[in-house]
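Me: Please take a close look at one part of this model. I would like the helix packing at the start of the chain, told in one connected account.

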Amino acid sequence: MVKDRMVELLQEHFELNLYEARAYVALVGFGVLTPAELASVSEVPAPRTYDVLRSLEKKGFAISQPGKVNKYRPVHPENILEKFIEEWQERVKEELEAKKQAKEELLQLMKPLIETEIPKYGVERVWVVRGIRNATLKTREMFEDVKEQILLADDGYIAINLESDLLKAIDNGAKAKIIVTEPVLKRIEGSKILDYAKKGKLELRVLDKFDLPMLICDDEVFFALEDMAARYFNYETQVWIKDFRIKALFEAKFNEYWEKAKKV
């Protein structure tokens with residue numbers, strides 16, 4: 001029903017509760033109402049009408065007319081809704097600025113921790129990362145930190161979704177060799193990755209399939225454990241390892257793929 005949709009929109013976007021939204025819609029429809037009249041024409045319980053109308057007045061959605069029995073009329077929707085949006089925009093700006101200031105203060109306070117001589121990841125060199133969001137954050141971090149070499153055997157995510165992060169790492173001086181499957185190659189047609197390959201900024205090859213997708217950035221290795229159910233629900237388990245010996249093993253496997261792959 002139209003009335004229900006109006007109530008829903010007022011709740012979702014204009015910070016009125018259920019009874020306030022129902023009362024405001026009734027006021028707009030009837031023009032002027034007493035608390036008793038509101039209870040008879042709306043789904044606001046009689047014991048709540050006084051409190052609800054006073055709350056609407058406080059929020060700027062209604063105006064009261066004092067008398068033996070108080071009467072209430074609505075503030076025109078066009079006026080109050082526009083005013084609400086303007087105030088909300090100002091509030092968001094203030095909250096955004098507060099968050100920016102908090103970020104700067106936190107970075108300053110954490111500076112001694114970030115710059116400590118203790119290794120960034122402590123003594124651990126193996127981490128398990130679960131879920132697509134966490135995997136994306138970790139991959140971006142690897143691209144930010146890489147200095148020399150990127151080796152990527154990608155069967156469906158990184159080249160498509162993290163193109164800008166990958167290319168930024170290359171622009172910053174990292175050399176890159178990338179192997180993709182045929183489906184991925186079709187999806188990146190027209191992308192900057194192909195432009196970079198044509199200009200010789202990266203090496204790109206295609207392989208029908210490979211059983212071990214991987215990302216190697218300098219001495220860091222990132223790969224997924226095979227679990228189709230987890231992949232389907234975006235909760236795939238990824239393993240990150242920083243160890244030159246493990247890196248050598250994975251690089252050897254990558255080179256096997258590279259020799260079998262065709263140039264793009």
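Reply: What follows is a walk through the packing of the first helix and its partners.

A caution comes first: this is a predicted model.

Start with the pair α1 and α2. Helix α1 covers residues 2-14, and helix α2 covers residues 18-30. Two packed helices are described by the angle between their axes and the distance between the axes. For α1 and α2, the angle is about 125 degrees and the axes are 9 Å apart. The two helices are therefore oblique to each other. Their crossing is right-handed.

Which residues of α1 and α2 make the contact? From α1 come Lys3, Met6, Val7, Leu10 and Gln11. From α2 come Leu18, Ala21, Arg22, Tyr24 and Val25. By class, this contact has 7 nonpolar, 1 polar and 2 charged residues.

Now α2 by itself. Helix α2 has 13 residues, and at 1.5 Å a residue they should span 18 Å. The end C-alpha atoms of α2 are 18 Å apart, so the span agrees with what is expected.

Next, burial in α2. Glu20, Ala21, Ala23, Tyr24, Val25, Ala26 and Leu27 are buried. Ala21, Tyr24 and Val25 are among these buried residues, and they also belong to the contact with α1. The buried residues of α2 have other partners too. They pack against the helices α1, α3 (35-41), α4 (49-59) and α5 (77-114). They also pack against the strands β1 (62-65) and β2 (71-74).

Back to α1, this time with α5. These helices pack at about 25 degrees, with their axes 12 Å apart. That angle makes α1 roughly parallel to α5. Here α1 passes α5 in a left-handed crossing. On the α1 side, Leu10, His13 and Phe14 take part. They meet Leu81, Phe84 and Ile85 of α5. This contact divides into 5 nonpolar residues, 1 polar and no charged. Leu10 thus serves in two places: it is in the contact of α1 with α2, and it is in the contact of α1 with α5.

One more residue of α5 deserves a look. Lys103 lies in this helix. Is Lys103 buried, partly exposed or exposed? Lys103 has 47% relative accessibility, so it counts as partly exposed. Along the chain, Lys103 and Glu259 are 156 residues apart. In space, their C-alpha atoms are separated by 47 Å.

Definitions and conventions. Residues numbered from 1 in each chain as written. Predicted model: local features only at pLDDT ≥ 70, side-chain atom pairs only at ≥ 80, totals over all residues. Heavy atoms only, no water. Axes fitted to C-alpha atoms, helices over the stretch in contact; angles between N-to-C directions. Helix = DSSP H or I, 4+ residues; strand = E, 2+ residues; numbered from the N terminus. Parallel < 35°, antiparallel > 145°, perpendicular 65-115°, else oblique. Left-handed = near helix turned anticlockwise from the far one by under 90°. Contact = heavy atoms within 4.5 Å. Nonpolar A, V, L, I, M, F, W, Y, C, P; charged D, E, K, R; others polar. Expected span 1.5 Å × (residues − 1). Buried < 20%, exposed > 50% of the residue type's maximum accessible area, 1.4 Å probe, protein only.
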